[in-house]
Amino acid sequence: MSVLVVDSDGLLVERQLRQGRLTCPACEAVLAPWGHGRPRLIRGDLGARLFLRPRRTRCSGCKVTHVLLAEALWPRRADAAAVIGAGLEIAASGMGHRRVAAHLGLAEGTVRGWLRAFAGRAEDVRRHFTVALVALADDPVMPDAAASALADAVSVVAAAHRAAATKWPGMLTVSRWEFAGRAIGGRLLTSPSSAI
């Protein structure tokens, strides 16, 4: 089973699925409805609790099943992308995991896990979004070098999101961390090959 990051509008995704407009990332055959995943409770902004039961699909070609995960969420995380992204941005300013956790009202171990995972992927994330920035902007302005690889990655994600919003104004309704999660398949905190 794999995860496919899709739009946060569940009705739109369901319509795309029923109309055969979603395709398998491996073989490009049409995806068909295949039930739902296990229910999950996600921590959102300002203490909101979001109930989610992700849609499952099955490829009509290779028969692989996929979980459709809204771009507002990342695989294997109990917090929304905007919450994790806020933590990454605070850490990029130089705060340690304890202060970030206190600021967000979350457990220190949770935030420490995010920061360690992101730090391990920071160079890959920076590289991916630098390429995206160059592709999206007519005259790309690269962010100045920051104090850490984590801060560099956070800066270039923000710059790529601004470039996307300039090109497509509708992108302003999507947070930079939803944009980042969708652009990299939700893999900001997990390696490309890790199981879901």
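This report walks through the strands, a pocket, a kinked helix and a few single residues of a predicted model.

## Strand β6 and its partners

Let's start with β6, which covers residues 65-70. With 6 of the 6 residues buried, β6 is largely enclosed by the rest of the structure. The side chains split into two sets: T65, V67 and L69 point one way, while H66, L68 and A70 point the other way, and all are buried.

Strand β6 pairs with β1 in the parallel sense, over 5 bridges. It also pairs with β5, this time in the antiparallel sense and over 4 bridges. L68 is a handy residue to look at here: L4 stands opposite L68, and R55 stands opposite L68 too. Elsewhere along β6, H66 has S2 opposite it, and T65 has R58 opposite it.

## Strand β1

Strand β1 spans residues 2-6, and 4 of those 5 residues are buried, so β1 is also largely enclosed by the rest of the structure. Two of its contacts with β6 have already come up: S2 is set against H66, and L4 is set against L68.

## Strands β5 and β2

What does β5 (residues 55-59) look like from its two faces? One face is covered and carries R55, T57 and C59, whereas R56 and R58 make up the uncovered one. Note that the covered face includes an arginine, R55, and that this is the residue standing opposite L68 in β6. R58, from the uncovered face, is the one opposite T65 in β6.

Besides β6, strand β5 has β2 (residues 31-36) as a partner, in the antiparallel sense and again with 4 bridges. In that pairing L31 stands opposite C59. L31 sits in β2, and at 1% relative accessibility it counts as buried, the cut-off being under 20%. If you want a sense of scale, the C-alpha atoms of L31 and V154 are separated by 33 Å, with their positions 123 residues apart along the chain.

## The β5–β6 turn and two positive phi values

Strands β5 and β6 form a hairpin with 5 residues between them. K63 lies in that loop, and its phi is positive, about 70°, although K63 is not a glycine. That's worth a second look because most residues other than glycine have a negative phi. K63 counts as partly exposed, at 44% relative accessibility.

R76 is another case: its phi is near 65°, a positive value in a residue other than glycine. You'll find R76 in the loop between β6 and α2 (81-92). Is R76 buried or exposed? With a relative accessible area of 53%, R76 is exposed.

## The second largest pocket

The second largest pocket has a volume of about 230 Å³. Its lining counts 14 residues, and the closest to the pocket centre are G10, R53, P54, R55 and L68. So R55 and L68 turn up once more, the pair that stand opposite each other across β5 and β6.

Which elements supply the lining? Helix α1 (10-18) and strand β6 each give at least two residues. By type, the lining divides into 7 nonpolar, 3 polar and 4 charged residues.

## Helix α4

Helix α4 (residues 108-136) is not straight. Its 29 residues would reach 42 Å in a straight helix at 1.5 Å a residue, but the end C-alpha atoms are only 36 Å apart. There is a kink of about 55° in α4, and the kink is centred on R121.

R127 is also in α4. It is partly exposed, with a relative accessible area of 43%. The C-alpha atoms of R127 and V157 are separated by 10.0 Å, and the two residues are 30 apart along the chain.

## The loop between α5 and α6

Last stop: M171, in the loop between α5 (149-167) and α6 (176-183). At 19% relative accessibility M171 counts as buried, since the limit is under 20%. Its C-alpha atom is 7.9 Å from that of H161, a residue 10 positions away along the chain.

Conventions. Residues are numbered from 1 along each chain as its sequence is written. This is a predicted model: local features need pLDDT of at least 70, side-chain atom pairs count only at pLDDT 80 or more; totals for chains, interfaces and linings use all residues. Side-chain values use heavy atoms; hydrogens and water are left out. Buried means under 20% relative accessible area, exposed over 50%, partly exposed in between (1.4 Å probe, protein chains only). Two strands pair if DSSP finds at least two bridges between them. The expected span of a helix is 1.5 Å times one less than its number of residues. The bend at a residue is the angle between axes fitted to the seven residues ending there and the seven starting there. On a 1 Å grid over the protein atoms alone, a cavity is a set of points where a 1.4 Å probe fits but cannot get out, and a pocket is an open set with protein on both sides within 12 Å along at least five of seven lines; lining residues have an atom within 4 Å of a point. Grid points are joined across faces, edges and corners, and a volume is the space filled by probe spheres set on the points. Ala, Val, Leu, Ile, Met, Phe, Trp, Tyr, Cys and Pro count as nonpolar, Asp, Glu, Lys and Arg as charged, and the others, Gly among them, as polar.
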